[in-house]
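Okay, thanks for making time, everyone. I'd like to walk you through one model today, so let me put the sequence and the structure up on the screen.

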Amino acid sequence: MGVQIVSKNSENGVLDEKVGTDSIGTNLGFDPAGLGVLDAFVASFSMIIVSEIGDETFIIAALMAMRHPKSTVLSGALAALFVMTVLSTGLGRIVPNLISRKHTNSAATVLYAFFGLRLLYIAWRADTKGSQKKEMEEVEEKLETGQGKTYYRRFLTRFCTPIFLESFILTFLAEWGDRSQIATIALATHKNAVGVAVGAIIGHTICTSLAVVGGSMLAAKISQRTVAAIGGFLFLGFSLSSYFYPPL
């Protein structure tokens with residue numbers, strides 16, 4: 001229950017209008033109950049879990065961990081994902097300053113619906129074993145050809161180990177423009193930025209750690225059809241929530 005602040009007019013002794021601390025907190029952008037942070041955390045965390053398990057970044061970490069020290073691969077991949085999460089959250093906070101909150105919420109609603117329907121379509125058409133095997137082969141080919149070996153990489157190897165840098169660059173490139181990155185930006189436009197960032201970081205940490213520990217065996221056993229179906233319904237839930245409960 002919010003505390004009431006009462007001010008007294010020094011000239012006529014009349015008590016001014018009562019102002020609740022709850023309303024002050026709301027006007028300043030704080031959520032007294034912390035529900036905004038929790039809501040953003042749960043949405044971001046669940047979105048990352050269903051988007052990243054079995055995804056390209058997951059397979060990259062799994063395959064690299066089979067050939068190189070697990071701790072180095074994990075630290076490189078997580079560093080890339082943490083940087084990407086902070087950038088995505090920042091973009092999500094900048095967009096509402098350029099476009100009205102009503103329009104950003106409408107765009108987020110459409111985006112969630114698109115991702116949800118697309119994932120359900122993928123689940124419906126998925127050849128579970130064939131599609132997962134094909135994706136693993138494509139990622140393995142990228143690792144064999146050394147994608148990401150550029151002038152900048154050669155420059156940075158002076159400061160980082162080649163394995164760490166390879167894990168960082170491959171993960172960053174695979175995540176850039178991925179649905180989880182775009183969804184993180186969309187979530188940050190109308191939910192608490194701290195909750196979105198923390199939820200995404202913890203989700204990425206869990207998924208990537210599972211990939212490094214479990215290796216390709218874990219990736220091969222995951223049903224992409226099931227993961228895609230769960231993700232599709234989750235994104236549709238986000239879309240409905242954004243439509244019926246828009247931010248004030």
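I'll go from the overall fold to the cores, then to one helix, a salt bridge and some aromatic rings.

First thing to keep in mind: this is a predicted model. The chain has 248 residues, and 39% of them are buried. In secondary structure we've got eleven helices and two strands. If you read along the sequence, the two strands come before the helices, so to speak: β-β-α-α-α-α-α-α-α-α-α-α-α. Now, take the contacts with a separation of 6 or more: 84% of those are between residues 24 or more positions apart. As for the outside, the accessible surface is about 14000 Å², and carbon and sulfur atoms hold 66% of that.

Okay, the inside. Which residues have the most contacts within the largest nonpolar core? That core has 18 residues, and the ones to look for are Met47, Tyr112, Leu187, Val196, Phe235 and Phe238. The elements giving two or more residues to this core are helices H2 (35-52), H5 (101-125), H9 (179-190), H10 (193-221) and H11. H5 gives the most, with five residues. Then there's another core, apart from that one, with eleven residues, including Phe58, Ala65, Ala174 and Ala211.

Let me zoom in on Val196 for a second. Leave out its neighbours within four places in sequence, and Val196 is in contact with Ala40, Phe41, Ser44, Thr89, Thr184, Leu187, Ala188 and Lys191. Hang on to Lys191, we'll get back to that one.

Next up, H9. Is this helix mostly buried or exposed? Eleven of its twelve residues are buried, so H9 is largely enclosed by the rest of the structure. Among the buried ones are Arg179, Gln181, Thr184, Leu187 and His190. I like a quick geometry check here too: at 1.5 Å a residue, the twelve residues should span 16 Å, and the end C-alpha atoms sit 17 Å apart, which agrees.

Back to Lys191, then. How many salt bridges does the structure hold? Just the one. The side chains involved are those of Asp39 and Lys191, at 2.7 Å, N to O. Asp39 is in helix H2 and Lys191 is in the loop between H9 and H10, so this pair ties together parts that are 152 residues apart in sequence. The two ends sit in different surroundings: Asp39, at 41% relative accessibility, counts as partly exposed, whereas Lys191, at 15%, counts as buried.

Last topic, the aromatics. With ring centres within 6.5 Å as the cut-off, the count comes to ten aromatic pairs. Take Phe235 and Phe238: ring centres 6.0 Å apart and planes at 90°, so that pair is edge-to-face. Both are in helix H11 (residues 224-244), three residues apart, which is about one turn of the helix. Why does that spacing matter for direction? An α-helix has 3.6 residues a turn, so residues three or four places apart point the same way. Phe235 and Phe238 are both buried, and they form one aromatic cluster with Tyr112, Phe114 and Phe115.

For contrast, look at Tyr243 and Phe244. That pair is edge-to-face as well, 5.0 Å centre to centre with 85° between the planes, but Tyr243 and Phe244 are both exposed.

That's what I had; happy to spin the model around if anybody wants a closer look.

Terms used: Residues are numbered from 1 along each chain as its sequence is written. This is a predicted model: local features need pLDDT of at least 70, side-chain atom pairs count only at pLDDT 80 or more; totals for chains, interfaces and linings use all residues. Side-chain values use heavy atoms; hydrogens and water are left out. Rings of Phe, Tyr and Trp (its six-membered ring) pair if their centres lie within 6.5 Å; planes under 30 degrees apart count as stacked, over 60 as edge-to-face and the rest as tilted. Helices (H or I, at least four residues) and strands (E, at least two) are DSSP runs, numbered from the N terminus. Buried means under 20% relative accessible area, exposed over 50%, partly exposed in between (1.4 Å probe, protein chains only). A nonpolar core is a set of buried Ala, Val, Leu, Ile, Met, Phe, Trp, Tyr and Cys residues joined through side-chain atoms within 4.5 Å. Contact means heavy atoms within 4.5 Å. The expected span of a helix is 1.5 Å times one less than its number of residues. A salt bridge is a side-chain nitrogen of Lys or Arg within 4 Å of a carboxyl oxygen of Asp or Glu. Accessible areas come from the Shrake-Rupley method with a 1.4 Å probe; for residues, only the protein chains shown count as cover.
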